[in-house]
Amino acid sequence: MSGSRNIVPRPIPKRDIINLVNEEIFHNIHSKNPLAMFAPQPVGISFEIQEDGEKIILLLRAHLITLIPPLILVIFLFVLPFVVVPFSGSIFTALALTVLPGQFLLIIVSWYLFVFGIAFFRFLLWYFNVYLLTNERIVDFDFKGLLFKSTSYAILRQIEDVDPKILGFFPTFFHYGDIIVQTASEIPEFVFEKVARPDDVSREILGQVRHEEGEAPGEIS
Amino acid sequence: MLVDGNSLGFLTNISSSFGLKAFLVLFLIFYSVFAIILLRQVQVMAKTLPTTLSPLLKFIAIIHLGVSLAILIFVIGNF
């Protein structure tokens, strides 16, 4: 009788697989894409109030799918002259007779400048509306309008609860949603709006909070 | 005093092109203000959150402002 036994590999629990995948994504990938909506350890990005030794673990923007409505608006405005002019009949014929070709060109150029301005502005709203998770805190850069800009942050020790929410057809289909972070800081609630993979991000935030709680006060690692 | 209908005829001649010019000039003045604020916001945000794309965005915002001012000047001069 041989002493060897058949070793049956034990199935790895699903939770461990998720933790391994998250570990790989959040700690071993360095995102170099400046337009990323989900950028673990982004390269070439810093922020004004960053402390020495503080590193960005995750940069988040709203999911790309949220850019579809403004894109449709811009396409609509772009093709509008091609649709309106042929079907408007006498109004534009009269207008074309009263202005010179050069002046008509200026009107068209002004229109497309306006369309470009809207597209650029909507892009900037998306690009600069950023949420950061660092090894010390969460930072929320809000750029919600032409005259509205705010930066708020909460240190990880002050985070009390993290609540990911995926509601609706498109968020479920494209896997994005809101993350509500309850804190004990001056701002009691942070909302990361329409970010990709809210459940994984929440898990990572809680992991960082646990890690931070294990450190001595004031230690940055 | 009676006003002859023909004496106001010049209004019909100037109204369409003048109205168009006034509208365009006003629109482009407001648009240029929008472009200035946009440039300023890009500068502030690029300082708050510097990224590899920030210089390009600043460049686009400057070109955008320059083009809107240039069109405003052309409209004032050409209409």
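**Close-up views of chain A and its contact with chain B**

**View 1. Strands β2 and β3 of chain A meet in a bridge between two named residues.** A:I56 has A:T134 in β3(A) as its bridge partner. This is a predicted model, so please read each view with that in mind. β2(A) and strand β3 (residues 130–134) of chain A run antiparallel and are joined by four bridges. If you are new to sheets, here is the background: strands of a sheet pair through backbone hydrogen bonds, and the pairing can be parallel or antiparallel.

**View 2. Step back, and β2 and β3 turn out to belong to an open sheet of five strands in chain A.** Follow the strands across in the order β1-β2-β3-β4-β5, where the pairing is antiparallel. Which strands stand at the edges? They are β1 and β5 of chain A; each has a single partner strand, so one side of each is left without a neighbour in the sheet. From one strand to the next, the twist averages 10°. α6(A) lies across β2, β3 and β4 of chain A and runs at about 150° to β2(A).

**View 3. Chain A also holds an open sheet of three strands.** Here the order is β6-β7-β8, again in chain A, with antiparallel pairing. The edge strands are β6 (159–165) and β8 (189–196) of chain A, and each of these pairs on one side only. The twist from one strand to the next averages 15°. Look at β6(A) and strand β7 (residues 176–183) of chain A: they run antiparallel, with six bridges joining them. For one bridge to find by eye, start at A:P164, whose partner in β7(A) is A:I179.

**View 4. Helix α6 of chain A lies across strands of this sheet too.** The helix covers residues 198–213 and lies across β6, β7 and β8 of chain A. Its direction is at about 170° to β6(A). Recall that α6(A) also lies across β2, β3 and β4 of chain A.

**View 5. Two residues in loops of chain A have a positive phi without being glycine.** A:Q41 sits in the loop between β1 (38–40) and β2 (56–60) of chain A, and its phi is near 45°. A:R197 belongs to the loop between β8 and α6 of chain A, and its phi is about 50°. Is each one buried or partly exposed? A:Q41 is partly exposed, with 17 other C-beta atoms within 10 Å. A:R197 is buried, with 21 other C-beta atoms within 10 Å. The cut-off for buried is 20 or more such atoms, which is why the two residues get these labels.

**View 6. Chain A touches chain B.** The contact takes 27 residues from chain A and 31 residues from chain B. Which elements of chain A give two or more residues to this side? They are α4 (101–128), β4 (137–145) and β5 (148–155). α4(A) gives the most, with 13 residues. Sorted by class, the side of chain A that touches chain B has 17 nonpolar, eight polar and two charged residues.

**View 7. Helix α4 of chain A passes helix α2 of chain B.** Two packed helices are described by the angle and the distance between their axes. The axes of α4(A) and helix α2 (residues 54–78) of chain B come within 11 Å and cross at roughly 155°. That angle makes α4(A) roughly antiparallel to α2(B), because angles over 145 degrees count as such. The crossing is left-handed. Among the residues that make the contact are A:G102, A:V109, A:L113 and A:F120 of α4(A), along with B:I60, B:H64, B:V67 and B:S68 of α2(B). The residues of this contact divide into nine nonpolar, seven polar and no charged.

**View 8. A:L106 is one residue of α4(A) in that contact.** You can find A:L106 in helix α4 of chain A. Which residues does A:L106 touch, leaving aside those up to four places away in sequence? They are B:I71, B:F74, B:V75 and B:N78. A:L106 is buried, with 21 other C-beta atoms within 10 Å.

**View 9. The whole of chain A puts the close-ups in context.** Chain A has six helices and eight strands. Along the sequence they follow the pattern α-β-β-α-α-α-β-β-β-β-α-β-β-α. Of the 221 residues in chain A, 23% are buried. Among contacts in chain A between residues at least 6 apart in sequence, 53% join residues at least 24 apart.

Methods. Residues numbered from 1 in each chain as written. Chains lettered and ligands numbered in written order. Predicted model: local features only at pLDDT ≥ 70, side-chain atom pairs only at ≥ 80, totals over all residues. Contact = placed C-beta atoms within 7 Å. Nonpolar A, V, L, I, M, F, W, Y, C, P; charged D, E, K, R; others polar. Axes fitted to C-alpha atoms, helices over the stretch in contact; angles between N-to-C directions. Parallel < 35°, antiparallel > 145°, perpendicular 65-115°, else oblique. Left-handed = near helix turned anticlockwise from the far one by under 90°. Pairing = 2+ DSSP bridges. Buried ≥ 20, exposed ≤ 12 C-beta atoms within 10 Å, placed from the backbone.
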